[in-house]
Amino acid sequence: MRGDGGQLVKWNFPQVLSFFSRENTADSTSDKEHENATELAAEALADVIFQWKNWVYRRVDSVHPSEGARGRLRHSMDCEPPPDPRLAYNEVERRYNDINDVKGQLMVPLAFIEKGPMRHLDVWRNDGTSIPVLGSEETGELMVAVLMLFLKKNGIERTSELEDAMRALVISREKGNLAKATNLIESGMWEGKTLWDSNDPAVRFDVGTKDLLLNLSTDFLLIGLLPAETSGIRQVLKFSYHWVVELPDRGLLRSLWGSVCVAFRAAPMEIELPTHMPTDAKSYHLEFHTPPELDTQELSLPVEFKNKGHRVGYPTDSSRTPIAHVHSHFSEIMTTNAKVKLEVPKRGIWVTALLSNALTAGIFILALLLPNATDALRSVGGNAAALMLAAPAVFVSFLIFPKELIFVSSMLNPLRIVVGICALLLFMMAGSLVGGLERPFLILLWSFGAGFSLLVVSALVLGPLLGEFFERLHLRPSTKN
């Protein structure tokens, strides 16, 4: 759930006892029966979403980066779906008192998820059986009913305008929804209309109602359908969908400087990871599958461990394994995202950049410093050029761009560029011999080639030390996504 500043905010619900008594009043009209059935389901949903920890034992988020800007988020919840007849999908069966009388499906809340399209959504049980999910209209109607029940409990009279406003709040995907919901709680105003008198002493907002309003302004509740006979049994439910990786627009110069520092290992790339309700389970686990081109420096959760009230550190994995894993038991609200710090490993293109620049520097330095080397190379002309052109041909082969993640490209492209520059410098050296470039321009060109290559080699070898130096001078860039 995102606030106005773009920061992800997760709202926590306190555990409470059942708020609402069951009502089984029948009516002759189908509209009244539908309203009663919806209210029964809303009462049951209010109970279960305010008591996640009573029936959700563990949540696990697993982040799998793919190609380009794509990734996949996989979530599993080890839970015991509540055997409550009021959660029956069939409205008629919601009036039953015994879960064994329910023969159809049962609604099971899975998680609050940020509003937006869930691309390539899959929901299934641990045996691989796919689970249907409620559509946005069905879910929206139920959550409006939940809100109306809580507002009534807080002393707010039900009106058609209030119901329309709650429906707009639940269904709307506007970015300013959180601010509008906050203003509604403080003033009783929604889009210029007064829904209740905020100074009325009969109107009293409890924490749970406030959090629910704020939550539903930015998130929707994903609800799956299970066979009623499977309720009350501990099981694992899973869902997954595509995750789009978005790099921030920090301006051209800042982005280039940040990419260079990351490529030369002077700073890690920091990426925020979405999480699904880590505070609403008895334990929460997060995994990050590191792309093969990179290493995970650190994966961390933003809520500190506590021991007898004392803070003892953050849940962190800095083992640099291909699959980073952290877990915790949360007792407080998680107000910021989990983070993973990625770094360029000392292998692959980093080694190629180091060796290519070392070779280029060596060629230029030997050509400049060895006695009579410059005159000898100029005298052989074309033969020397053929030798010089062999190295660029090899270096260029490392510049083929494979299919990779967008942030991998951002981290590795500066190294590919310096490899390409090495090839270009050796090509210019060969061209200067064939073209008969005279002193002092020949010496200046070769000196530039030697100096640039030595500078790159030094930066690659001393990258971490340079990072600490830049940080002291406040020149180290922000590399957060």
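At what angle do the axes of helix H8 and helix H12 cross? I started my notebook with that one, and I kept in mind throughout that this is a predicted model.

**Entry 1: the helix pair.** I looked up H8, residues 349-369, and H12, residues 441-461, and found their axes crossing at roughly 145°. The two axes come within 8 Å. I noted the crossing of H8 past H12 as left-handed. I then sorted the residues of the contact between H8 and H12: 19 are nonpolar, 5 are polar and none is charged.

**Entry 2: just before H12.** I stopped at proline 440, which sits in the loop between H11 and H12. The peptide bond from arginine 439 to proline 440 is cis, with omega about 5°. I reminded myself that most peptide bonds are trans.

**Entry 3: the whole protein.** I counted out the architecture next: 13 helices and 16 strands. Of the 481 residues, 48% are buried. I also checked how far apart contacting residues lie in sequence: among contacts with a separation of 6 or more, 76% are between residues 24 or more positions apart.

**Entry 4: the core.** Which residues have the most contacts inside the largest nonpolar core? I found Met166 and Leu273, in a core of 120 residues. Helix H11, residues 406-434, gives the most to this core, with 11 residues. I followed leucine 273 outward, leaving aside neighbours within four places in sequence, and its contacts include Val63, Trp243, Phe288 and Val340.

**Entry 5: asparagine 154.** Is asparagine 154 buried or exposed? It counts as buried, because its relative accessibility is 1%, under the 20% cut-off. I placed asparagine 154 in the loop between helix H3 (136-153) and helix H4 (160-171). Its side chain makes a polar contact of 2.8 Å with the side chain of threonine 209. Besides Thr209, asparagine 154 touches Ala202, Val203, Arg204, Phe205 and Asp206, with residues up to four places away in sequence not counted.

**Entry 6: two positive phi values.** I went looking here with a reminder that most residues other than glycine have a negative phi. Methionine 277 has phi near 50°, a positive value, and lies in the loop between strand S9 (269-273) and strand S10 (283-289). Arginine 320 has phi near 60°, also positive, and lies in the loop between strand S14 (316-317) and strand S15 (323-328). I compared their surroundings too: methionine 277 is buried, with a relative accessible area of 6%, whereas arginine 320 is partly exposed at 43%.

Terms used
Residues are numbered from 1 along each chain as its sequence is written. This is a predicted model: local features need pLDDT of at least 70, side-chain atom pairs count only at pLDDT 80 or more; totals for chains, interfaces and linings use all residues. Side-chain values use heavy atoms; hydrogens and water are left out. Axes are lines fitted to C-alpha atoms, for helices over the stretch in contact, and angles run from 0 to 180 degrees between N-to-C directions. Helices (H or I, at least four residues) and strands (E, at least two) are DSSP runs, numbered from the N terminus. A crossing is left-handed if the near helix is turned anticlockwise from the far one by less than a right angle, and right-handed if clockwise. Ala, Val, Leu, Ile, Met, Phe, Trp, Tyr, Cys and Pro count as nonpolar, Asp, Glu, Lys and Arg as charged, and the others, Gly among them, as polar. Buried means under 20% relative accessible area, exposed over 50%, partly exposed in between (1.4 Å probe, protein chains only). A polar contact is a pair of N or O atoms within 3.5 Å; within protein, one must be able to donate a hydrogen and the other to accept it, and residues adjacent in sequence count only if both atoms are side-chain atoms. Contact means heavy atoms within 4.5 Å. A nonpolar core is a set of buried Ala, Val, Leu, Ile, Met, Phe, Trp, Tyr and Cys residues joined through side-chain atoms within 4.5 Å.
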